Amino acid sequence: MPGAGPSGAPAPLGPVVLRFSALPEHVRIARLVATSLARRAGLAGGDVEGVRLAVGEACGRAVQRSESAGAAELVELTATCRGGELVVEVVDHAGDDGVETEEVAMLLMEGLADEVAVTAGPGGPGGTTRLTWRPPVAATAPTAAGTTTTGA
């Protein structure tokens with residue numbers, strides 16, 4: 001596996017930081033970066049696609065908040081991988097501009113990531129979206145003697 005450490009687990013990765021102007025066309029670049037990082041983190045195909053979609057929603061949300069607030073600061077994406085856990089944080093500087101979080105985007109992110117947290121960012125409430133993907137738990141299988149073993 002690319003980027004694997006001596007134990008076979010993915011080697012620590014990051015932080016990788018991407019800063020971009022709050023423009024919708026830049027969300028595509030953030031999705032590409034997140035997809036690459038998910039592959040390097042050792043996530044499987046379906047999970048890689050989930051990372052791509054969820055990060056796109058988080059970045060799109062940050063761009064929308066920034067545009068609505070007239071914030072000129074850059075949107076920042078930071079990704080790290082430790083022990084197979086991929087964490088992506090998207091931060092805007094929009095502050096509390098009264099824009100409601102798009103429910104569909106939140107539902108999508110919650111369905112695709114293992115954990116989603118929206119907290120205050122540099123500009124105020126709702127400015128940081130943190131997405132976490134954990135490595136899959138090894139499946140268990142019964143042995144001929146009736147005991148259970150864990151497999152990869």
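Q: What is the relative accessible area of Glu-115?
A: This is a predicted model, in which local features need pLDDT of at least 70, side-chain atom pairs count only at pLDDT 80 or more, and totals for chains, interfaces and linings use all residues. Residues are numbered from 1 along each chain as its sequence is written, while side-chain values use heavy atoms and leave out hydrogens and water. Buried means under 20% relative accessible area, exposed means over 50%, and partly exposed is in between (1.4 Å probe, protein chains only). Glu-115 falls in the partly exposed class, and its relative accessible area is 35%.

Q: Which residue forms a salt bridge with Glu-115?
A: A salt bridge here is a side-chain nitrogen of Lys or Arg within 4 Å of a carboxyl oxygen of Asp or Glu. The closest N and O atoms of this pair are 2.4 Å apart, and the residue bridged to Glu-115 is Arg-134.

Q: Where does Arg-134 sit?
A: Arg-134 and Glu-115 form a salt bridge. That pair links distant parts of the chain, 19 residues apart: Glu-115 is in strand S4 (residues 115-121), and Arg-134 is in the loop between S5 and strand S6 (140-142).

Q: Which residue is linked with Glu-115 and Arg-134 in a network of salt bridges?
A: Arg-134 is partly exposed at 36% relative accessibility, and Glu-115 is partly exposed too, at 35%. The network that links these two also takes in Glu-85.

Q: How many salt bridges are there by this rule?
A: Side chains of opposite charge can pair when their charged atoms come close. Counted with the 4 Å rule, the total is six.

Q: How many residues apart in sequence are the parts tied together by Arg-19 and Glu-76?
A: The side chains of Arg-19 and Glu-76 meet in a salt bridge, N to O, at 2.8 Å. Because Arg-19 lies in strand S1 (residues 13-20) and Glu-76 in strand S2 (residues 75-82), the parts tied together are apart in sequence by 57 residues.

Q: Is Arg-19 buried or exposed?
A: Its salt-bridge partner Glu-76 is partly exposed, with a relative accessible area of 23%. Arg-19 has 53% relative accessibility, so the class is exposed.

Q: Which strand holds Arg-130, the residue paired with Glu-89?
A: Glu-89 forms a salt bridge with Arg-130, with the closest N and O atoms 2.9 Å apart. Glu-89 lies in strand S3 (residues 85-91), so the pair ties together parts 41 residues apart in sequence, and Arg-130 lies in strand S5.

Q: How many helices and strands does the protein have?
A: Helices (H or I, at least four residues) and strands (E, at least two) are DSSP runs, numbered from the N terminus. Along the sequence, the pattern is β-α-α-β-β-α-β-β-β-β. That comes to three helices and seven strands.

Q: Which are the edge strands of the open sheet?
A: Two strands pair if DSSP finds at least two bridges between them. Five strands form the open sheet, with antiparallel pairing and the order S1-S2-S3-S5-S4. The strands that pair on one side only are S1 and S4.

Q: What is the bridge partner of Leu-86 in S5?
A: S3 and S5 run antiparallel and are joined by six bridges. For Leu-86, the bridge partner in S5 is Trp-133.

Q: What angle does helix H3 make with S4?
A: Axes are lines fitted to C-alpha atoms, for helices over the stretch in contact, and angles run from 0 to 180 degrees between N-to-C directions; contact means heavy atoms within 4.5 Å. S3 and S5 of the sheet are joined by six bridges. Helix H2 (residues 45-69) packs on the sheet, touching S1, S2, S3, S4 and S5, and makes about 175° with S5. Helix H3 (residues 103-112) touches S4 and S5, and its direction makes an angle with that of S4 of about 130°.

Q: Which element gives the most residues to the largest nonpolar core?
A: A nonpolar core is a set of buried Ala, Val, Leu, Ile, Met, Phe, Trp, Tyr and Cys residues joined through side-chain atoms within 4.5 Å. The largest has 31 residues, and Val-55, Leu-77 and Trp-133 have the most contacts inside it. With eight residues, the element that gives the most is H2.
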